[in-house]
Amino acid sequence: MLYRPEDFEPLIDEPWDAERIRAGIREIVADADASFRGPKLLWRADEWDRWRATSPLKTLYCGASGVVWALDELRRRYHAETALDLADVALRTLERQRSRPESGTKAMSAIPLPEPRESSLLCGEAGVLLVAYRLAPSDVLADALLERVRANASNAVWELMWGSPGTLVAARLMHGWTGDARWEAAWDGSARALLDARDADGLWAQQLYGHTEHILGPAHGFVGNVLALCQGLDASRRAVLEQD
């Protein structure tokens with residue numbers, strides 16, 4: 001089994017009802033609003049997601065930044081409106097992450113995490129910065145995120161969660177939002193290093209959690225890397241990658 005059936009609603013044999021789906025989305029957003037515990041406690045994470053981490057969780061992967069991103073996307077697409085001040089929550093989440101990063105706890109330090117760990121898109125400060133900039137854009141946040149992206153270019157874990165493929169995604173989004181050429185240059189440098197890191201078979205060997213292996217999946221492997229390299233590129237860059 002890939003999941004716990006008791007945690008999910010079973011499939012039903014009913015015709016698609018768009019209004020029913022919209023109502024369901026609004027209920028989920030209202031529940032997220034009601035579950036918010038304030039700027040310090042944020043949201044309570046599932047026990048499994050809190051594995052070895054401190055509460056509250058702040059990152060994009062399992063924490064408050066991911067919740068804020070989802071609520072903002074639903075709002076931007078006119079599916080549901082949150083009652084929360086998402087910009088304030090995003091900035092408070094960044095403050096919490098900096099004062100007590102999840103990867104810096106004693107329990108997490110027992111695991112050989114990739115470095116620089118706070119440059120991780122999904123599990124570090126980079127993702128928290130990306131969400132904060134999306135909701136409350138400023139030069140200070142952009143500069144801090146750019147530093148994280150550049151620092152991650154040669155991360156020895158060549159995968160989306162911790163390594164440069166994740167910060168490629170961040171650089172692409174920031175370039176689209178700002179048009180700043182710095183993000184294009186940062187993307188190019190990381191992409192070239194990522195391509196150069198492939199083995200003779202065209203795959204990447206992941207140095208992850210004390211193990212070395214070839215992984216094909218999206219979070220830690222080949223598929224995620226290819227998506228990061230190809231999504232949102234202009235025709236000239238796509239042609240270069242296809243030649244490689």
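Colleague: How do the residues of the lining of the second largest pocket divide into nonpolar, polar and charged?

Modeller: In this predicted model, the lining comprises 13 nonpolar, 2 polar and 4 charged residues. The pocket itself holds about 410 Å³ of space. Of its 19 lining residues, Ile28, Asp31, Ala32, Trp43 and Val67 are the closest to the centre.

Colleague: Which helices each supply at least two residues of that lining?

Modeller: Both α1, spanning 18-35, and α2, spanning 64-76, contribute at least two residues each.

Colleague: Let us turn to a charged residue. Where is Asp33 found, and is it buried or exposed?

Modeller: Asp33 belongs to helix α1 and is buried. To read such a case, one looks for a partner of opposite charge, a salt bridge requiring a side-chain nitrogen of Lys or Arg within 4 Å of a carboxyl oxygen of Asp or Glu. Here the nearest side chain of opposite charge, that of Arg75, is 9.3 Å away, and Asp33 has no salt bridge.

Colleague: Which residues does Asp33 touch, not counting those up to four places away in sequence?

Modeller: With those neighbours set aside, Asp33 is in contact with Leu71, Thr82, Ala83 and Leu84.

Colleague: How many helices and strands are there in the chain, and what order do the elements follow?

Modeller: The chain has 9 helices and 2 strands. Read from the N terminus, the order is α-α-α-α-α-α-α-β-β-α-α.

Colleague: What share of the residues is buried, and what share of contacts joins residues at least 24 apart?

Modeller: Of the 244 residues in the chain, 41% are buried. Among contacts between residues at least 6 apart in sequence, 61% link residues at least 24 apart.

Terms used
Residues numbered from 1 in each chain as written. Predicted model: local features only at pLDDT ≥ 70, side-chain atom pairs only at ≥ 80, totals over all residues. Heavy atoms only, no water. 1 Å grid on protein atoms, 1.4 Å probe; cavity = no way out; pocket = protein on both sides within 12 Å on 5 of 7 lines; lining within 4 Å. Points joined across faces, edges and corners; volume = space filled by probe spheres on them. Helix = DSSP H or I, 4+ residues; strand = E, 2+ residues; numbered from the N terminus. Nonpolar A, V, L, I, M, F, W, Y, C, P; charged D, E, K, R; others polar. Buried < 20%, exposed > 50% of the residue type's maximum accessible area, 1.4 Å probe, protein only. Lys, Arg positive; Asp, Glu negative; His and termini not counted. Contact = heavy atoms within 4.5 Å.
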